Structure formats: structure tokens, C-alpha cells
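Subject: Handing over a structure, with notes

Dear colleague,

I am passing on the structure below, together with some notes on what turned up when I went through it. Please keep it open beside you as you read.

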Amino acid sequence: YQRRVRGAVVTLEYGNAIALAACAPVFAALFSRILWKEKINVLTVVSLIVGLSGMTLIAKPSFIFGSSDGGTKEIGAFALVPIFGSMCLGLGFSLLRRVGDKPHILIVPLVQALCLIPISVVFQVAKKDPIVFPGCHTERYLLVLIGFVTMIALFLLNRGLAIEKSGPGSLIRNVDMVFAYIIQVLLFDEPLDMLSVLGAGLIVCSTVTVAANKVFGDKCKVYEF
């Protein structure tokens, strides 16, 4: 999934790739409904629509808002790359939900790392790209920090998907876009954009809807399908 999305970002405009890749919660809900017969209620559908709308406002894909040069950049076949990545991630979320908390909570991140390392090496060799290690201590420390916080994120995500349905559970993951935008504004002097602020608000509303689904889910069973 990561390789698919990063390759799409290189080929497509960033907003297009992120907007298409953000469909993972939809695929997660669909896969769970088809494979595991997980019910979907009205609040889940509303939270998915609101969350994806917020992601779209933050990413501002050119196929909706137009490109920065005034035109609309064609997406073409490259759109299949992040969409396929979203499908893979959605299936992964669904499988995590199925596994639940039966294995130890650290087993899944460990298996992901063991699979990612050889696959990355194979791709690097196939593309004949040199494996370059950081040249200074600061970059090395940052890489270690990235690995550490990513492991914490995987740990919490896996734990969340063990206790929540895969569609709403994976939707909460999109809050990372809100935190990324806040950090950009606070640390990197990113100018405030009202569409992005509105998108962040919609994503927060979608997570509130997921929480409401946990509280009032029994009342929505009539509207399940």
C-alpha cells in the first residue's frame, strides 16, 4: 500500500493521490460486509461520507478543484494505483478486524515489518536504486524517531480495529490529516485556508459520528443493511 501511494504521489498531483487513497475506509466497510457479514448502519454511512468530504477539502484534488495553473490535470490510468492501494489497505483493515485481539497485540506490527523489509529490498534491486543511508546523525535520529512513532501508531490502530468495526475504525485514522495540517500551520508557517479548516472540521465531525454510533448504535439497528 505504501509503495502504491508514494508512487502515485510522484506521478499524480499530491491532492489527487491522497484523495483517491483516502477511500480505504469505504473499501474496509465493503470487504467486511461481504466477507464477514458485518452490518452497516446509517450512522456509519454518514460518517464515511462526512469524513471523505473533509479529506477532499484538505487534499483539494485537481480533478475537482482544478490545478494550480488554472487547468484540470488529467488523472488517467495512474488513478488506479492509489485506488488499488486503498483496496489493499481496506482489505488489511478488514482482516485485522477478523483477527481481533486473539494474537498478541505486537504480533501484527512485527509481521508487517518482516514482510515490508524483504519486499522493499526486492523493489530496490528491481529498480536498480541504490540503498542510501543517512549521512548525518540528525537524519539517523529522525529515522529512528519515525520508526518509533510509526510502531506506536500501528499498535494503537491494530488495537482499535480489534474492538471496533473496520469501516468506522479505519475512518478515525483519517484524523492524521487534521493533525498534519495543524502541525504545518504551527511549525512550518503554512497559511490558513478556510477550505482546509472546513475539511478538518468535517473529519472531526465524522469521528464524533463514529463515537455516537458506539453510544446509539442499538437504536440504529432498524436501519442496518
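Leaving aside its neighbours within four places in sequence, which residues is R140 in contact with? They are P134 and G135, and R140 itself is found in helix α8, where it counts as partly exposed at 38% relative accessibility. Before going further, please bear in mind that this is a predicted model.

As for the overall picture, the protein chain has 11 helices and 0 strands, so that from the N terminus on every element in the run is an α element. Of its 225 residues, 32% count as buried, and the chain exposes about 13800 Å², of which carbon and sulfur atoms supply 72%. Among the contacts with a separation of 6 or more, 83% are between residues 24 or more positions apart.

Helix α8, which covers residues 137–163, also holds V149, a residue that is partly exposed with a relative accessible area of 43%. V149 belongs to a nonpolar patch on the surface, which it forms with L106, L142, L145, F148, I152, F155 and L156, and these residues together have about 730 Å² of accessible area.

Helix α7, residues 107–127, has 21 residues and reaches 30 Å from its first C-alpha to its last, close to the 30 Å expected at 1.5 Å a residue. It is followed by K128, whose phi is positive, near 60 degrees.

Helix α4 runs from 42 to 59, and with its 18 residues it reaches 26 Å from first C-alpha to last, which is again close to the expected value, here 26 Å. At the start of α4, a side-chain oxygen of N41 comes to within 3.2 Å of the backbone nitrogen of L43, while the residue that follows the helix, K60, has a positive phi near 50 degrees. Several residues of α4 are buried, including T44, S47, G51, M55 and A59.

Two of the residues just named, S47 and G51, return in the surroundings of S206, which touches S47, V50, G51 and L171 when residues up to four places away in sequence are not counted. S206 is found in helix α11, residues 194–216, and it counts as buried because its relative accessibility is 0%, where buried means under 20%. A polar atom of the S206 side chain also lies 2.5 Å from the backbone oxygen of I203.

The loop between α3 and α4 deserves a look as well, and here I would put one question to you: is E38, which is found in that loop, buried or exposed? At 12% relative accessibility E38 counts as buried, and, leaving aside its neighbours within four places in sequence, it is in contact with S32, R33, R97, K165 and S166. K37 is found in that loop too, but K37 counts as exposed, at 58% relative accessibility. The phi of K37 is near 60 degrees, a positive value in a residue other than glycine.

With kind regards

Methods
Residues are numbered from 1 along each chain as its sequence is written. This is a predicted model: local features need pLDDT of at least 70, side-chain atom pairs count only at pLDDT 80 or more; totals for chains, interfaces and linings use all residues. Side-chain values use heavy atoms; hydrogens and water are left out. Helices (H or I, at least four residues) and strands (E, at least two) are DSSP runs, numbered from the N terminus. The expected span of a helix is 1.5 Å times one less than its number of residues. Patches are made of residues with over 30% relative accessible area and no salt bridge: like charges are joined within 9 Å, nonpolar side chains (Val, Leu, Ile, Met, Phe, Trp, Tyr) within 5 Å. Accessible areas come from the Shrake-Rupley method with a 1.4 Å probe; for residues, only the protein chains shown count as cover. A salt bridge is a side-chain nitrogen of Lys or Arg within 4 Å of a carboxyl oxygen of Asp or Glu. Buried means under 20% relative accessible area, exposed over 50%, partly exposed in between (1.4 Å probe, protein chains only). Contact means heavy atoms within 4.5 Å. A polar contact is a pair of N or O atoms within 3.5 Å; within protein, one must be able to donate a hydrogen and the other to accept it, and residues adjacent in sequence count only if both atoms are side-chain atoms.
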